[in-house]
Amino acid sequence: MKIAIIYASKHGTTEKVARIIKEKLSPYHDITLISLHENKNPNVLRYEKVILGAPIYNHYPHKLMFKFYAINMHRLIHRILGLYICCNQTNKMQQYYQLQIAYPEFLHLCATYQTMLGGEIDFKKLNFWERYKVKQNLEINESVSDIDYKELEVFVERLH
């Protein structure tokens, strides 16, 4: 089966997760990894299955992902879909909320599986204002990695 993993990533965590998903699905499927930074409007009609990955910043998905699904909604509803987000929210209710606002309702209804896969914050990759916001909003003062590898395995299994 041909699968596209389409993602937007600002500091690399969503891309890192996309690469892990590709690695785990590659023995069974023909996988294409597509960065929306490099290809803003890939042709989803080439694939039977599409996995979308977006980071959440200040309660919003990456703007490239937002533009992509706005343009492709009529194509995406005819594909097997998987949705994931990366963010550093530890509260389960907040995680659910972040996932709900990351993608429009029609994608949630069409998705085979959707989840929040944790996140990472690398202070070396953040600019001054990003570090300030992270310190204020998340009360984090150093780099952290909270990718949920157990949930990532469940996500891959559901989409296999």
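# Chatting through helices, cores and cysteines

Biologist: Which residues of helix 1 are buried?
Modeller: In this predicted model, the buried residues of helix 1 are Thr-13, Thr-14, Val-17, Ala-18, Ile-20, Ile-21 and Leu-25.

Biologist: And where do they sit around the axis of helix 1?
Modeller: They are on the same side of helix 1, because the arc they cover around the axis is only 160°. That fits the usual pattern: an α-helix has 3.6 residues a turn, so residues three or four places apart point the same way.

Biologist: What do the buried residues of helix 1 pack against?
Modeller: Quite a list! There are strand 1 (2-7), strand 2 (30-35), strand 3, strand 5 (80-86) and strand 7 (120-121), plus helix 6 (149-159).

Biologist: How far apart are the end C-alpha atoms of helix 1, and what should its 13 residues span?
Modeller: The end C-alpha atoms of helix 1 (residues 13-25) are 19 Å apart. At 1.5 Å a residue, its 13 residues should span 18 Å, so the two values agree.

Biologist: Let's hop to helix 6. Which of its residues are buried?
Modeller: Glu-151, Leu-152, Phe-155, Val-156 and Leu-159 are the buried residues of helix 6. They also keep to the same side of their helix, because they cover an arc of only 140° around the axis.

Biologist: What about the other side of helix 6, which residues are exposed there?
Modeller: Lys-150, Glu-157 and Arg-158 are exposed on that other side of helix 6. The buried residues of helix 6 are covered by elements including helix 1, strand 3, strand 5 and strand 6.

Biologist: Cool. Now the largest nonpolar core: which residues touch the most other members?
Modeller: That core has 26 residues, and Ile-6, Leu-52, Met-65, Leu-76 and Tyr-103 touch the most other members. At least two residues each come from strand 1, strand 3, helix 2 (63-76), strand 5, helix 3 (92-102) and strand 6 (111-116). Helix 2 gives the most to this core, with five residues.

Biologist: Pick Leu-52 for me. What is it in contact with, leaving aside neighbours within four places in sequence?
Modeller: With those neighbours left aside, Leu-52 is in contact with Ile-6, Met-65, Phe-68, Leu-76, Gly-82, Leu-83, Tyr-84, Tyr-103 and Leu-107. Tyr-84 itself belongs to a second, separate core of 19 residues, which also includes Leu-152, Phe-155 and Val-156.

Biologist: And strand 1, how many of its residues are buried?
Modeller: Five of the six residues of strand 1 are buried, so to speak "mostly covered". Strand 1 pairs with strand 2 in the parallel sense over six bridges. Tyr-7, for instance, has Ser-35 in strand 2 as its bridge partner.

Biologist: Change of topic: how many disulfides does a search of the whole structure find?
Modeller: Zero. The cysteine sulfur closest to that of Cys-86 is in Cys-87, and at 8.0 Å it is too far for a bond.

Biologist: Are those two buried or exposed?
Modeller: Cys-86 counts as buried because its relative accessibility is 5%. Cys-87 counts as buried too, at 7% relative accessibility.

Biologist: Last one, Tyr-57. Where does it lie?
Modeller: Tyr-57 lies in strand 3 (residues 49-57). It counts as partly exposed because its relative accessibility is 31%. Leaving aside neighbours within four places in sequence, Tyr-57 is in contact with Lys-10 and His-11.

Biologist: And how far is Tyr-57 from Ile-3, by C-alpha atoms?
Modeller: Their C-alpha atoms are separated by 27 Å, with the two residues 54 residues apart along the chain.

Technical notes: Residues numbered from 1 in each chain as written. Predicted model: local features only at pLDDT ≥ 70, side-chain atom pairs only at ≥ 80, totals over all residues. Heavy atoms only, no water. Helix = DSSP H or I, 4+ residues; strand = E, 2+ residues; numbered from the N terminus. Buried < 20%, exposed > 50% of the residue type's maximum accessible area, 1.4 Å probe, protein only. Contact = heavy atoms within 4.5 Å. Expected span 1.5 Å × (residues − 1). Arc of directions from axis to C-beta. Disulfide = S-S within 2.5 Å. Core = buried A, V, L, I, M, F, W, Y, C linked by side-chain atoms within 4.5 Å. Pairing = 2+ DSSP bridges.
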